[in-house]
Amino acid sequence: MKKERLRKHNIDILFLMVLFLIFTFSAVSVLLMAVNSYRSVVYANESNANARTATAFIREEVRQHDAYGAVSLDTIDGIDCIKMSEESGYSLYIYEYEGYLMELEAKDGAGVTVDFGNRILEINSLEITQNEKDTLNIQIEDKSGNKQDVTIGVKSAGEESYEKSE
């Protein structure tokens, strides 16, 4: 009778250990799936936010410099850029160089090169076109390949008597 009871006791312990292992395996599996899901959501949000941040930055800079004849397309070292003139004889340039959205503020007439600018955000490409006199089309591709298009209306392009408000 003791052998039977001892054998039954061993089977009970073995059953509990197997049950515990199944529970542990299930818990770890669910945890790993949650981590992978969270990682993919964060990556998607981050890549989408980078493209939106770049377009928002360009849009706000153009709006801040929106005075008659102040916003135009130009080139520096053969790279297309947006040139925004400021009242103090300086100009602000926004362009893409070596995988970065760049910003450069320089005195008008000074010899500038694209490598003088400040890095703003990592991007793959920046395409700037001017459809009409008062519309800039900008297409930005971020590092993950997401493209963001934005059309910016330059409100003061046709207003010769426009004065920049403070």
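Trainee: How many bridges join β2 to β3?

Mentor: In this predicted model, β2 and β3 run antiparallel. They form a hairpin with 4 residues between them, and Gly-89 in the turn has a positive phi of about 85 degrees. Within the pairing, Lys-83 has Tyr-93 as its bridge partner in β3. The number of bridges that join β2 to β3 is 5.

Trainee: Which residue in the turn between β1 and β2 has a positive phi?

Mentor: Strands β1 (residues 71-76) and β2 (residues 79-85) run antiparallel and are joined by 6 bridges. Thr-75 stands opposite Asp-80 in β2. The hairpin leaves 2 residues between the strands, and the turn residue with a positive phi, of about 50 degrees, is Asp-77.

Trainee: Is Ser-91 buried or exposed?

Mentor: Ser-91 belongs to strand β3 (residues 90-97). Its contacts beyond four places in sequence include Lys-83, Met-84, Leu-104 and Ala-106. Because its relative accessibility is 0%, and the cut-off is under 20%, Ser-91 counts as buried.

Trainee: With which side chain does the side chain of Ser-91 make a polar contact?

Mentor: The partner lies 17 residues away along the chain, yet the two C-alpha atoms are separated by 6.2 Å. The side chains make their polar contact at 2.4 Å, and the partner of Ser-91 is Asp-108.

Trainee: Which residue has its charged end over the ring of Tyr-100?

Mentor: The structure holds 0 aromatic pairs, but charges do sit over rings. Lys-107 lies over the face of Tyr-90, at 5.3 Å from the ring centre. Over Tyr-100, at 4.2 Å from the centre of the ring, sits the charged end of Arg-119.

Terms used: Residues numbered from 1 in each chain as written. Predicted model: local features only at pLDDT ≥ 70, side-chain atom pairs only at ≥ 80, totals over all residues. Heavy atoms only, no water. Phe/Tyr/Trp six-rings, centres within 6.5 Å; stacked < 30°, edge-to-face > 60°. Lys NZ or Arg CZ within 6 Å of the ring centre and 35° of its normal. Buried < 20%, exposed > 50% of the residue type's maximum accessible area, 1.4 Å probe, protein only. Contact = heavy atoms within 4.5 Å. Polar contact = N/O pair within 3.5 Å; in protein donor to acceptor, adjacent residues only side chain to side chain. Pairing = 2+ DSSP bridges.
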